[in-house]
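Please look over the sequence and the structure shown below before reading on. The report is written for someone who meets this structure for the first time.

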Amino acid sequence: MKESTLRLFSVLAIRAPFVGLEKNWQSTHSNLPLAIDWNPTSVIEKKIAAGETADAVIVTAEAMDKLIAGGYVAASSRVELVDSPLGLAMLRDAVAPDISNVAAFKQALLQAKSVAYSLGGASGIYFQKLLKELAIEQEINARATTINEGFTAAQLLDGTADIAVQQISELLMVEGIKVIGPLPEGAQKILSFSGGVFTRAARPQQAAALLDFLRSPEAMQAFNAWGLTARV
């Protein structure tokens, strides 16, 4: 890795809008290319606990609390970035079920051939708790399609699942699918993401500048296009 590289650990939720934003960042910071490790928050936390570090990190707000408390991230560097709702996806030609309320949502899950979700992602961790609350954990998991990380909607394309659960911004990363809607009120979980600069960052000023850039109107417009909303 080049000495001038700015390294970022980031959740997958912002990967899609980040593609265009990275180009704009590089247009004004051509001497400071980005090296980004895209992973679920749980994986990022394990990397940090194992001694890995970077210049900046973007994780769930809860995980950021822990990183600051543990001395990994400077509290003064913290910025609130986006909120991300969870949604359901199916193939484009599939008939979408009613998910307008919790009862209908529960029935849609029970009628699915297989529901795909991520074991390592924040959305999947929450979804497992939700299944318990809805008292359908055994029925769904008996035929669920689970992945350790990555995009759950990819499981729709080869027919292993007919419904995928994940953050809407991550579902939209997969071509050939459609988002049939957000989880209904009463089942929804809004995931919030924060950024911060590592206390051991090699380039703390540049890392802070990157996080400031991700709070710009330009960045927020890009995030909004992918189902993410700015945190205030």
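The text that follows describes two sheets, the helices on them, and the empty spaces in the model.

This is a predicted model, in which local features need pLDDT of at least 70 and side-chain atom pairs count only at pLDDT 80 or more, while totals for chains, interfaces and linings use all residues. Residues are numbered from 1 along each chain as its sequence is written, and side-chain values use heavy atoms, with hydrogens and water left out.

**The sheets**

Helices (H or I, at least four residues) and strands (E, at least two) are DSSP runs, numbered from the N terminus, and two strands pair if DSSP finds at least two bridges between them. One open sheet consists of six strands in the order β2-β1-β3-β10-β4-β11, and its pairing is mixed. Its edge strands, each pairing on one side only, are β2 (34–38) and β11 (229–230). Within this sheet, β3 (residues 56–60) and β10 (residues 191–197) are joined by five bridges in the antiparallel sense, and Thr60 has Phe193 in β10 as its bridge partner. The helix α2 lies across β1 (6–10) and β3, running at about 135° to β3; axes here are lines fitted to C-alpha atoms, for helices over the stretch in contact, and angles run from 0 to 180 degrees between N-to-C directions.

The other open sheet has five strands, ordered β7-β6-β8-β5-β9, again with mixed pairing. At its edges are β7 (145–147) and β9 (177–182), each of which pairs on one side only, and the twist averages 30° from one strand to the next. Helix α5 packs on this sheet, touching β5 (86–91), β6 and β8, and its direction makes about 125° with that of β6; contact means heavy atoms within 4.5 Å.

Strand β8 (residues 163–167) runs parallel to β6 (residues 115–118), and two bridges join them, whereas β5 and β8 pair in the antiparallel sense over four bridges. Facing residues in β8 include Ala164, opposite Ala116, Ile163, opposite Val115, and Gln167, opposite Leu86. Five of the five residues of β8 are buried, so this strand is largely enclosed by the rest of the structure; buried means under 20% relative accessible area (1.4 Å probe, protein chains only).

**The empty spaces**

On a 1 Å grid over the protein atoms alone, a cavity is a set of points where a 1.4 Å probe fits but cannot get out, a pocket is an open set with protein on both sides within 12 Å along at least five of seven lines, and lining residues have an atom within 4 Å of a point. Grid points are joined across faces, edges and corners, and a volume is the space filled by probe spheres set on the points.

| Space | Volume |
|---|---|
| Largest pocket | about 290 Å³ |
| Largest cavity | about 100 Å³ |

Of the 15 residues lining the largest pocket, Thr60, Glu62, Ala122, Ile125 and Leu191 are the closest to its centre. Two or more lining residues come from each of α2 (41–49), α3 (61–69) and α5 (122–133), and α5 gives the most, with four residues. By class, this lining divides into five nonpolar, five polar and five charged residues.

A search of the whole structure finds one cavity of 30 Å³ or more. The largest cavity is lined by 15 residues, of which Pro40, Gly121, Ala122, Gln167 and Glu170 are the closest to its centre. Both α5 and β8 supply at least two residues of that lining.

How values were computed
Nonpolar A, V, L, I, M, F, W, Y, C, P; charged D, E, K, R; others polar. Buried < 20%, exposed > 50% of the residue type's maximum accessible area, 1.4 Å probe, protein only.
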